[in-house]
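Here's a quick briefing to read alongside the model. Have the viewer open and click through as you go.

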Amino acid sequence: LQHELSDRHQPEIEESGRKKIYPRRAGISSFGAGGSNAHVILEEAPEQKLETIHKPYFVISLSGKTAEALKQREVDLFNWLNDATHDSTPLNLISYTLNKGRSHFSHRAAWVVDSKETLKAELEQAISNKKSKQCFTGVIDKHSKPEDDAIYTKVLKNSFEELNQVIKSNKEYRETLSALANLYVKGYSIDWELLHQGEPTQ
(Lines give C-alpha, C1' and ligand atoms only; values in the text may rest on other atoms or scores of the structure.)
Protein backbone atom coordinates (compact mmCIF):
# COMPACT_ATOMS: atom_id res chain seq x y z
CA LEU A 1 0.00 0.00 0.00
CA GLN A 2 1.12 3.53 -0.79
CA HIS A 3 1.20 5.80 2.27
CA GLU A 4 2.73 8.96 0.80
CA LEU A 5 2.52 11.08 -2.37
CA SER A 6 4.94 9.99 -5.09
CA ASP A 7 5.10 9.39 -8.84
CA ARG A 8 3.64 6.10 -9.98
CA HIS A 9 5.43 4.88 -13.09
CA GLN A 10 4.09 2.30 -15.51
CA PRO A 11 5.06 -1.20 -14.36
CA GLU A 12 7.83 -2.77 -16.41
CA ILE A 13 7.88 -6.59 -16.36
CA GLU A 14 10.36 -8.92 -18.03
CA GLU A 15 8.71 -11.76 -19.93
CA SER A 16 10.68 -14.37 -21.91
CA GLY A 17 13.75 -12.18 -21.83
CA ARG A 18 11.91 -9.07 -23.08
CA LYS A 19 10.74 -6.10 -21.04
CA LYS A 20 7.07 -5.19 -21.41
CA ILE A 21 5.45 -2.01 -20.10
CA TYR A 22 1.92 -2.29 -18.74
CA PRO A 23 -0.62 0.50 -18.15
CA ARG A 24 -1.08 1.76 -14.62
CA ARG A 25 -4.10 0.35 -12.80
CA ALA A 26 -5.78 1.21 -9.52
CA GLY A 27 -8.38 -0.47 -7.35
CA ILE A 28 -10.97 1.56 -5.44
CA SER A 29 -13.08 0.01 -2.69
CA SER A 30 -16.07 1.36 -0.82
CA PHE A 31 -17.43 -0.39 2.26
CA GLY A 32 -20.90 0.54 3.45
CA ALA A 33 -21.97 0.39 7.07
CA GLY A 34 -25.01 -1.66 6.04
CA GLY A 35 -22.90 -4.36 4.46
CA SER A 36 -22.98 -3.18 0.84
CA ASN A 37 -19.52 -3.15 -0.68
CA ALA A 38 -18.29 -1.92 -4.07
CA HIS A 39 -15.02 -2.35 -5.88
CA VAL A 40 -13.86 -0.87 -9.19
CA ILE A 41 -10.66 -1.29 -11.21
CA LEU A 42 -9.38 1.73 -13.19
CA GLU A 43 -6.84 1.62 -16.00
CA GLU A 44 -5.12 4.59 -17.63
CA ALA A 45 -6.18 5.45 -21.16
CA PRO A 46 -3.84 4.40 -23.99
CA GLU A 47 -1.40 7.09 -25.06
CA GLN A 48 -2.56 9.00 -28.12
CA LYS A 49 -0.14 10.03 -30.81
CA LEU A 50 -0.44 13.76 -31.44
CA GLU A 51 -0.39 14.36 -35.17
CA THR A 52 1.48 17.36 -36.54
CA ILE A 53 0.20 19.30 -39.54
CA HIS A 54 2.82 21.16 -41.55
CA LYS A 55 1.56 24.62 -42.44
CA PRO A 56 3.71 27.74 -42.64
CA TYR A 57 1.66 29.71 -40.09
CA PHE A 58 -1.18 29.33 -37.60
CA VAL A 59 -3.61 31.76 -35.96
CA ILE A 60 -3.64 31.79 -32.16
CA SER A 61 -6.59 33.55 -30.53
CA LEU A 62 -7.20 34.48 -26.90
CA SER A 63 -9.97 36.51 -25.28
CA GLY A 64 -11.37 37.60 -21.94
CA LYS A 65 -14.36 39.42 -20.54
CA THR A 66 -12.01 42.12 -19.23
CA ALA A 67 -8.53 43.37 -20.07
CA GLU A 68 -7.26 41.74 -16.87
CA ALA A 69 -8.86 38.41 -17.81
CA LEU A 70 -7.21 38.53 -21.24
CA LYS A 71 -3.85 39.30 -19.67
CA GLN A 72 -4.27 36.30 -17.37
CA ARG A 73 -5.04 34.08 -20.37
CA GLU A 74 -1.78 35.24 -21.95
CA VAL A 75 0.14 34.42 -18.77
CA ASP A 76 -1.57 31.04 -18.46
CA LEU A 77 -0.74 30.09 -22.06
CA PHE A 78 2.86 31.28 -21.67
CA ASN A 79 3.30 29.16 -18.54
CA TRP A 80 1.63 26.17 -20.20
CA LEU A 81 3.98 26.37 -23.18
CA ASN A 82 6.98 26.50 -20.84
CA ASP A 83 5.88 23.34 -19.04
CA ALA A 84 8.04 20.51 -20.39
CA THR A 85 5.17 18.02 -20.10
CA HIS A 86 3.47 19.79 -23.05
CA ASP A 87 6.49 19.77 -25.37
CA SER A 88 4.96 17.06 -27.56
CA THR A 89 1.76 19.02 -28.26
CA PRO A 90 2.03 20.37 -31.83
CA LEU A 91 1.19 23.97 -32.72
CA ASN A 92 -1.72 22.93 -34.96
CA LEU A 93 -3.57 21.34 -32.00
CA ILE A 94 -2.92 24.36 -29.79
CA SER A 95 -4.31 26.61 -32.53
CA TYR A 96 -7.39 24.43 -33.06
CA THR A 97 -8.18 24.17 -29.35
CA LEU A 98 -7.88 27.91 -28.71
CA ASN A 99 -9.77 28.92 -31.86
CA LYS A 100 -12.52 26.31 -32.08
CA GLY A 101 -12.71 24.88 -28.57
CA ARG A 102 -13.00 28.09 -26.54
CA SER A 103 -15.62 30.81 -26.11
CA HIS A 104 -14.67 34.20 -27.51
CA PHE A 105 -15.23 37.30 -25.38
CA SER A 106 -15.05 41.03 -26.00
CA HIS A 107 -11.37 41.68 -25.16
CA ARG A 108 -9.44 39.90 -27.90
CA ALA A 109 -5.90 39.21 -29.05
CA ALA A 110 -4.62 37.14 -31.95
CA TRP A 111 -1.22 36.18 -33.31
CA VAL A 112 0.04 34.67 -36.56
CA VAL A 113 3.00 32.45 -35.71
CA ASP A 114 5.11 29.75 -37.34
CA SER A 115 6.29 27.89 -34.22
CA LYS A 116 5.75 27.46 -30.49
CA GLU A 117 8.99 29.33 -29.83
CA THR A 118 7.68 32.31 -31.79
CA LEU A 119 4.39 32.12 -29.90
CA LYS A 120 6.22 32.16 -26.55
CA ALA A 121 8.25 35.19 -27.62
CA GLU A 122 5.08 36.98 -28.75
CA LEU A 123 3.27 36.18 -25.49
CA GLU A 124 6.24 37.44 -23.48
CA GLN A 125 6.03 40.75 -25.34
CA ALA A 126 2.27 40.99 -24.84
CA ILE A 127 2.58 40.28 -21.12
CA SER A 128 5.18 43.07 -20.90
CA ASN A 129 2.83 45.41 -22.84
CA LYS A 130 5.25 45.62 -25.77
CA LYS A 131 3.97 46.17 -29.31
CA SER A 132 4.38 43.55 -32.02
CA LYS A 133 3.46 43.53 -35.72
CA GLN A 134 2.25 39.95 -35.35
CA CYS A 135 -0.15 40.74 -32.49
CA PHE A 136 -3.65 42.02 -33.20
CA THR A 137 -5.81 43.36 -30.36
CA GLY A 138 -9.28 44.80 -30.04
CA VAL A 139 -12.27 45.36 -27.77
CA ILE A 140 -15.68 44.70 -29.26
CA ASP A 141 -19.27 45.42 -28.32
CA LYS A 142 -20.93 42.02 -28.33
CA HIS A 143 -24.38 43.65 -28.38
CA SER A 144 -23.91 45.16 -31.85
CA LYS A 145 -22.61 43.84 -35.15
CA PRO A 146 -19.48 45.33 -36.72
CA GLU A 147 -19.95 47.80 -39.56
CA ASP A 148 -20.41 46.26 -43.03
CA ASP A 149 -20.75 42.81 -41.45
CA ALA A 150 -22.41 41.35 -44.56
CA ILE A 151 -19.61 42.63 -46.82
CA TYR A 152 -16.88 41.23 -44.60
CA THR A 153 -18.66 37.89 -44.38
CA LYS A 154 -18.09 37.60 -48.12
CA VAL A 155 -14.48 38.80 -47.72
CA LEU A 156 -13.88 36.15 -45.06
CA LYS A 157 -15.27 33.41 -47.30
CA ASN A 158 -12.95 34.50 -50.10
CA SER A 159 -10.02 34.58 -47.66
CA PHE A 160 -10.62 30.96 -46.68
CA GLU A 161 -10.69 29.96 -50.34
CA GLU A 162 -7.42 31.86 -50.91
CA LEU A 163 -5.62 29.97 -48.14
CA ASN A 164 -5.58 26.71 -50.07
CA GLN A 165 -4.20 28.52 -53.11
CA VAL A 166 -1.41 30.47 -51.39
CA ILE A 167 -0.24 27.88 -48.85
CA LYS A 168 2.97 27.36 -50.84
CA SER A 169 3.75 31.08 -50.60
CA ASN A 170 4.69 31.78 -46.98
CA LYS A 171 4.36 35.55 -47.39
CA GLU A 172 0.88 35.46 -48.94
CA TYR A 173 -0.30 32.79 -46.50
CA ARG A 174 0.84 34.88 -43.54
CA GLU A 175 -0.80 38.01 -44.96
CA THR A 176 -4.11 36.18 -45.45
CA LEU A 177 -4.05 34.79 -41.89
CA SER A 178 -3.11 38.26 -40.59
CA ALA A 179 -6.19 39.67 -42.31
CA LEU A 180 -8.36 37.02 -40.61
CA ALA A 181 -6.76 37.72 -37.23
CA ASN A 182 -7.35 41.44 -37.67
CA LEU A 183 -11.02 40.88 -38.51
CA TYR A 184 -11.40 38.55 -35.51
CA VAL A 185 -10.24 41.19 -33.01
CA LYS A 186 -12.64 43.68 -34.63
CA GLY A 187 -15.56 41.39 -33.84
CA TYR A 188 -16.23 39.67 -37.16
CA SER A 189 -17.38 36.06 -37.06
CA ILE A 190 -14.65 33.61 -38.07
CA ASP A 191 -15.57 30.12 -39.27
CA TRP A 192 -12.88 28.32 -37.27
CA GLU A 193 -14.11 24.92 -38.45
CA LEU A 194 -13.49 25.99 -42.04
CA LEU A 195 -10.06 27.42 -41.17
CA HIS A 196 -9.00 24.11 -39.60
CA GLN A 197 -10.72 21.91 -42.17
CA GLY A 198 -8.80 18.70 -42.85
CA GLU A 199 -6.61 19.03 -39.75
CA PRO A 200 -6.45 16.23 -37.16
CA THR A 201 -8.14 17.03 -33.85
CA GLN A 202 -7.68 15.43 -30.46
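**Briefing: contacts, core and strands**

The side chains of S132 and E122 are joined by a polar contact of 2.6 Å. Keep in mind that this is a predicted model. Overall, the chain has 6 helices and 7 strands, and the elements run β-β-β-β-β-α-α-β-α-β-α-α-α from the N terminus on.

**Around S132 and its loop**

- S132 sits in the loop between α3 and β7 (135–139).
- Besides the contact with E122, the S132 side chain reaches the backbone nitrogen of Q134 at 3.2 Å.
- Not counting residues up to four places away in sequence, S132 touches E122 and Q125.
- N129 is also worth a click: N129 lies in the loop between α3 and β7, and its phi is near 60°, a positive value in a residue other than glycine.
- N129 counts as exposed because its relative accessibility is 62%, and the cut-off for exposed is over 50%.

**The chain as a whole**

- Of the 202 residues in the chain, 33% are buried.
- The accessible surface comes to about 13,800 Å², and carbon and sulfur atoms hold 49% of that surface.
- If you look at contacts with a separation of 6 or more, 69% of them are between residues 24 or more positions apart.

**Helix α2 and its surroundings**

- Helix α2 covers residues 91–100 and is mostly covered, with 8 of its 10 residues buried.
- The buried set is L91, N92, L93, I94, S95, Y96, L98 and N99.
- Those buried residues of α2 pack against two strands, β5 (58–64) and β6 (107–113), and also against the helices α1 (67–81), α3 (116–127) and α6.

**H196, just past α6**

- H196 is found in the segment after α6 (192–195).
- Why does H196 count as buried? Its relative accessibility is 4%, and buried means under 20%.
- The H196 side chain makes a polar contact of 3.1 Å with the side chain of N99, and N99 is one of the buried residues of α2.
- Leaving out residues up to four places away in sequence, H196 touches S95, Y96 and N99.

**I53 and a long-range pairing**

- I53 lies in the loop between β4 and β5.
- How far apart are the C-alpha atoms of I53 and E199? They are separated by 6.8 Å, although the two residues are 146 residues apart along the chain.
- Setting aside neighbours within four places in sequence, I53 is in contact with F58, N92, E199 and P200.
- N92 ties this spot to α2, as N92 is among the buried residues of that helix.

**Strand β6, flanked on both sides**

- β6 is largely enclosed by the rest of the structure, because 7 of its 7 residues are buried.
- H107, A109, W111 and V113 point one way from β6, while R108, A110 and V112 point the other way, and all are buried.
- β6 pairs with β5 in the antiparallel sense over 7 bridges, and here I60 stands opposite W111 in β6.
- β6 is also joined to β7 by 5 bridges, and these strands run antiparallel too.
- In that second pairing, A109 stands opposite T137 in β7.

**The β3–β4 hairpin and a nonpolar patch**

- Strand β3 (residues 25–31) pairs with β4 in the antiparallel sense over 7 bridges.
- S29 stands opposite H39 in β4.
- The hairpin has 5 residues between the strands, and G35 takes a positive phi near 105° there.
- I28, V40 and L42 make a nonpolar surface patch of about 240 Å².
- V40 lies in strand β4 (residues 37–43) and is partly exposed, since its relative accessible area is 37%.

**One more backbone oddity to check**

- S16 is placed in the loop between β1 (12–15) and β2 (18–21).
- Phi of S16 is near 55°, a positive value in a residue other than glycine.
- Most residues other than glycine have a negative phi.
- Is S16 buried or exposed? S16 is exposed, because its relative accessible area is 81%.

Methods:
Residues numbered from 1 in each chain as written. Predicted model: local features only at pLDDT ≥ 70, side-chain atom pairs only at ≥ 80, totals over all residues. Heavy atoms only, no water. Helix = DSSP H or I, 4+ residues; strand = E, 2+ residues; numbered from the N terminus. Buried < 20%, exposed > 50% of the residue type's maximum accessible area, 1.4 Å probe, protein only. Polar contact = N/O pair within 3.5 Å; in protein donor to acceptor, adjacent residues only side chain to side chain. Contact = heavy atoms within 4.5 Å. Areas by Shrake-Rupley, 256 points an atom, 1.4 Å probe, with all protein chains shown as cover. Patch = residues over 30% accessible without salt bridge, like charges linked within 9 Å, V, L, I, M, F, W, Y side chains within 5 Å. Salt bridge = Lys/Arg side-chain N within 4 Å of Asp/Glu carboxyl O. Pairing = 2+ DSSP bridges.
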